[in-house]
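User: Hey, can you walk me through a structure I just opened? I'm new to this, so plain words please.

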Amino acid sequence: MNRSPSTFPDFGLTPQQRHAAVRSHYYEKPGMDGVRGEIWAYTDHLSYRPGEIVRLQVSATAARFSIEIVRDGGMEVAVFNQADIDCHWQDTPEHCSVEGCGWETSYEFAVGIDWPSGAYRMTLTARGRDEQPIQYRHLFIVAPKAGKRSGRILQVAATGTWLAYNTWGGSNHYEGITGPNGNQYSPVVSIERPWCRGFVTLPPEAPRVPHGVSMPPKTAPRYPHMEWAYATGHSKKYTSSGWASYDSHFFRFAERSGYAIDLASQHDLHFTPEILDGYDCVVFVGHDEYWTWEMRDAVDAYVEGGGHAARFAGNFMWQTRLENEGRRQVCYKYRARAEDPVYNGGDVQRATHSWEAPEIGRPGAETFGLNATRGLYAGWGGCAPRGARGFPIHRPEHRAFAGTGLYYGDLLGADSHIFGYEVDGLEHEIRGGLPYPTAGSGAPAGLEILAVGMASQVEESADIAPEDQFLGDEDGRFSAETLFGEASDANLDKVKRANGMIVSFQRGKGEVFHAGSCEWVAGLLRQDAMVERVTANVLDRFLGARSS
């Protein structure tokens, strides 16, 4: 059995720097690399089809750059190289994270007709002022061609969450330089900016969010992922979202395991929902928090018509809107009722609020069986810091667990820590030692709860000083206000004890399997044989279900 160390890693920071790593707002911006110089880039879309033109916007202190493109799958395959491309420094608006950078196109190329669907990583290299190389890495998706795709998986990358957490330029849906005092998160973010450092590539030693240490009692929480980011120049949100931390691990596992898999963005799901047609299995993974109404429509229709959706992901929380042909994502979040324009004469169902807000009338559980307002934090900060690292199993006889040897009460994925960061749950009750959804839970008819773990919406401990709390009770009070109309102590008490689940249910002619944890992919990254077996069981059933 693996045993976690009992001391936090040391990245060479002082106590003051460790505090700044967690509490301060630092972000990537033009000029941040100083005298060495720098190169940044973004593409005009998140995804392309074979044959389409990619327009690359580059701003650099150098006069020329080279580009290498590789497909990042089960193995890396180089597909494109070009050297001596002209570039120059381009002025950037202060609020580029909201408005977009507005850079002119520096280079264009066509996606190869024979490039298979997947994630394509671009490495831009130029010469710094000290004559040493400077680099930037960007990523775009090649979506599949239309047509029947029997026997193939479609993975939908959580690009809405990528946009929400991207720190490049100063503002995202969490922190920012907007508002009257220049210190608020922005309800609007643009795709027309670079990805922050850590979203595209990461070294293997980069910490994940859940605690990698066995925290002794009465220990103030530490956040090694943010300390490492601060010490190494990565975005403090690198482990909250992005290809490198989440989506890539499932895609690589699938290809290395012999599955035929394609990749699409959530923008593809929103604007071309027919992209799901013909697939036997559609997969969502990692931290998958932000969805539009149209994206949910696409998945609901797909499942109703006989499709199979596997969600190995957590934190199904916010409704978003896309504007300007998808170039802007809108989510007012906690400020929605006060600031979202739809509350003044618009379609209130499209408010960018939690899916559980009564005025939206579309609880998350209707689509995926679980929701974020009954789940949330596990294994980090002061929220269940010494809790179960895996899913406690309640129904081991379910076909998803075939061949695993799991028993009632066993933990699935404890050694690889698949239960953590943010999890999705459901109001439930225990009868005869087995969990069942309550009548008011919003769960689809026939939903089976296969596993239940404990989580928390409040960083609650008399042993943690307020200045050492990062999570606090703000999210718990927001859930209380959303579900019960008031963020009172009494209502907080109704939501602060949360859970994360694995569930399965049929809907129409189709079926949904949902392992509601952001960290399921950690089991694939760490090659946990039991987690790999459960994943394969689900995929194999869904891929063969139409023909069986």
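User: How do helix α1 and helix α4 pack, and at what angle?
Analyst: Keep in mind this is a predicted model. In it, α1 (residues 15–23) and α4 (residues 224–232) pack at about 105 degrees, and their axes are 8 Å apart. That angle falls between 65 and 115 degrees, so α1 is roughly perpendicular to α4.

User: Which residues make the contact?
Analyst: From α1 you have Gln17, Arg18, Ala20, Ala21 and Val22, and α4 brings in Met226, Glu227 and Tyr230.

User: And how do those divide into nonpolar, polar and charged?
Analyst: Five are nonpolar, one is polar and two are charged.

User: OK, new spot. Where is lysine 236?
Analyst: Look in the loop between α4 and α5 (243–256).

User: Is lysine 236 buried or exposed?
Analyst: Buried: its relative accessible area is 2%, and the cut-off for buried is under 20%.

User: Which backbone oxygens lie by its side chain?
Analyst: Take valine 22, whose backbone oxygen is 3.1 Å from a polar atom of the lysine 236 side chain. For the backbone oxygen of serine 24, the distance to a polar atom of that side chain is 2.7 Å.

User: What else is lysine 236 in contact with?
Analyst: Leaving out neighbours within four places in sequence, its contacts include Ala21, Arg23, Tyr26, Glu175, Met226 and Ala229. Ala21 and Met226 also turn up in the contact of α1 with α4.

User: Switching to cysteines. How many disulfides does a search find?
Analyst: Zero, across the whole structure.

User: What about cysteine 96, where's the nearest cysteine sulfur?
Analyst: That's the sulfur of cysteine 101, 4.2 Å away, and cysteine 96 is in no disulfide. A disulfide needs the two sulfurs within 2.5 Å. Cysteine 96 is also buried, at 1% relative accessible area.

User: Why is there no bond for cysteine 196?
Analyst: Because the closest cysteine sulfur, in cysteine 96, is 12 Å from its own, which is too far. Cysteine 196 counts as buried too, with 2% relative accessibility.

User: Last thing: which residues other than glycine have a positive phi?
Analyst: Lysine 333 is one of them, with phi near 55 degrees. Tyrosine 421 also has a positive phi, near 65 degrees.

User: Where are they?
Analyst: Lysine 333 is in the loop between β16 (328–330) and α8 (336–339), while tyrosine 421 is in strand β20 (residues 421–425).

User: Buried or exposed?
Analyst: Lysine 333 is buried, at 0% relative accessibility. Tyrosine 421 counts as buried as well, at 3%.

Terms used
Residues numbered from 1 in each chain as written. Predicted model: local features only at pLDDT ≥ 70, side-chain atom pairs only at ≥ 80, totals over all residues. Heavy atoms only, no water. Axes fitted to C-alpha atoms, helices over the stretch in contact; angles between N-to-C directions. Helix = DSSP H or I, 4+ residues; strand = E, 2+ residues; numbered from the N terminus. Parallel < 35°, antiparallel > 145°, perpendicular 65-115°, else oblique. Contact = heavy atoms within 4.5 Å. Nonpolar A, V, L, I, M, F, W, Y, C, P; charged D, E, K, R; others polar. Buried < 20%, exposed > 50% of the residue type's maximum accessible area, 1.4 Å probe, protein only. Polar contact = N/O pair within 3.5 Å; in protein donor to acceptor, adjacent residues only side chain to side chain.
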